[in-house]
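Here are my notes on this one, as numbered points. Have the viewer open while you read.

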Amino acid sequence: MENIISFFEAQDPVMAALIATIFTWLVTGLGASLVFFFKSMNRKVFDTMLGFTGGVMVAASFWSLLAPGIEMSDGEGFIKVIPAVVGFVLGAMFIFGLDKILPHLHINFKESRKEGVKTKWHKSVLLTLAITLHNIPEGLAVGVLFGGAAAGLEGASIGGAVALAIGIGLQNFPEGFAVAMPLRGLGLSRWKSFNYGHLSAIVEPFAAVLGAWAVLTFEPILPYALCFAAGAMIFVVIEEVVPESQQDRNTDLATLGFIGGFVVMMILDVGLG
């Protein structure tokens with residue numbers, strides 16, 4: 001692990017963010033590749049994995065984003081938390097706006113419950129776009145953290161950025177599986193299902209590069225940017241991931257998966273950050 005951190009320390013921060021999120025994208029593809037080996041998806045396993053995804057995202061939002069964002073803010077008392085509040089609310093509102101505009105359909109929901117502007121797009125595209133919404137704040141978070149660490153700002157570290165990338169990679173594996181298998185169930189070929197699955201995460205490297213560049217160019221925005229990513233991730237968890245995992249009768253498994261994901265991300269961030 002020390003060699004991995006040393007490798008990223010030697011990279012340009014934008015390049016480091018790109019490499020890290022290419023890794024998270026490839027892990028999504030690895031999860032999607034399970035469509036070649038399984039004919040159907042066990043609902044209990046699926047809901048548990050969704051819960052795990054939510055746990056990782058919530059833990060990352062606090063340990064990797066909100067806590068460092070508050071720590072590096074100036075001032076005392078209520079003044080110190082203002083950048084976190086502003087960034088968090090703006091991040092949530094950003095995803096809220098995308099949620100209302102971008103046509104998508106949550107994985108466990110019926111087609112009559114599709115969201116965003118009305119469209120005649122195929123259900124496969126709508127399912128893929130729903131997961132793509134998850135991945136925008138995740139890529140942004142990794143990029144912002146790498147940019148902040150490179151700028152030498154207190155509370156941001158390469159180790160923390162690497163921990164976040166690993167955590168997001170871990171929860172991207174079930175996300176890739178969660179896209180590919182339902183698409184296979186809709187009648188798409190295994191190759192098409194795989195391609196839709198891994199392409200749902202291709203937005204992460206773009207968001208990461210944008211996040212790292214923005215922080216390096218406008219250094220004072222870092223506390224706001226960290227909390228922006230946190231707000232976006234929390235919105236996704238509450239509006240999409242948790243409801244998706246609770247649609248069937250596996251609520252206990254989904255909740256235990258959430259706890260497991262939270263613990264894994266907490267260990268990674270504290271241990272490496």
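1. Start with helix α3 (residues 43-71): D47 and R43 sit four residues apart in it, so about one helical turn separates them. Keep in mind that this is a predicted model. The side chains of these two residues meet in a salt bridge, at 3.3 Å from N to O.

2. How many salt bridges does the structure hold? Just one, so the D47 and R43 pair is worth a look, given that one helical turn or so lies between the two.

3. Are the two partners buried or exposed? D47 has 0% relative accessibility and counts as buried. R43, on the other hand, comes out at 29% and counts as partly exposed. The cut-off for buried is under 20% relative accessible area, which is why D47 falls in that class and R43 does not.

4. Now to the surface. A nonpolar patch is formed there by I79, I82, V86, L90, L210, W213, F218, I221 and Y224. Together these residues have about 830 Å² of accessible area.

5. Which elements give two or more residues to that patch? They are α4 (78-101) and α8 (203-217). The top contributor is α4, with four residues.

6. Last, the tryptophan in the patch. W213 is found in helix α8. Its relative accessible area is 45%, so W213 is classed as partly exposed. Patch members need over 30% relative accessible area, and W213 clears that cut-off at 45%.

Conventions: Residues are numbered from 1 along each chain as its sequence is written. This is a predicted model: local features need pLDDT of at least 70, side-chain atom pairs count only at pLDDT 80 or more; totals for chains, interfaces and linings use all residues. Side-chain values use heavy atoms; hydrogens and water are left out. Patches are made of residues with over 30% relative accessible area and no salt bridge: like charges are joined within 9 Å, nonpolar side chains (Val, Leu, Ile, Met, Phe, Trp, Tyr) within 5 Å. Accessible areas come from the Shrake-Rupley method with a 1.4 Å probe; for residues, only the protein chains shown count as cover. A salt bridge is a side-chain nitrogen of Lys or Arg within 4 Å of a carboxyl oxygen of Asp or Glu. Buried means under 20% relative accessible area, exposed over 50%, partly exposed in between (1.4 Å probe, protein chains only).
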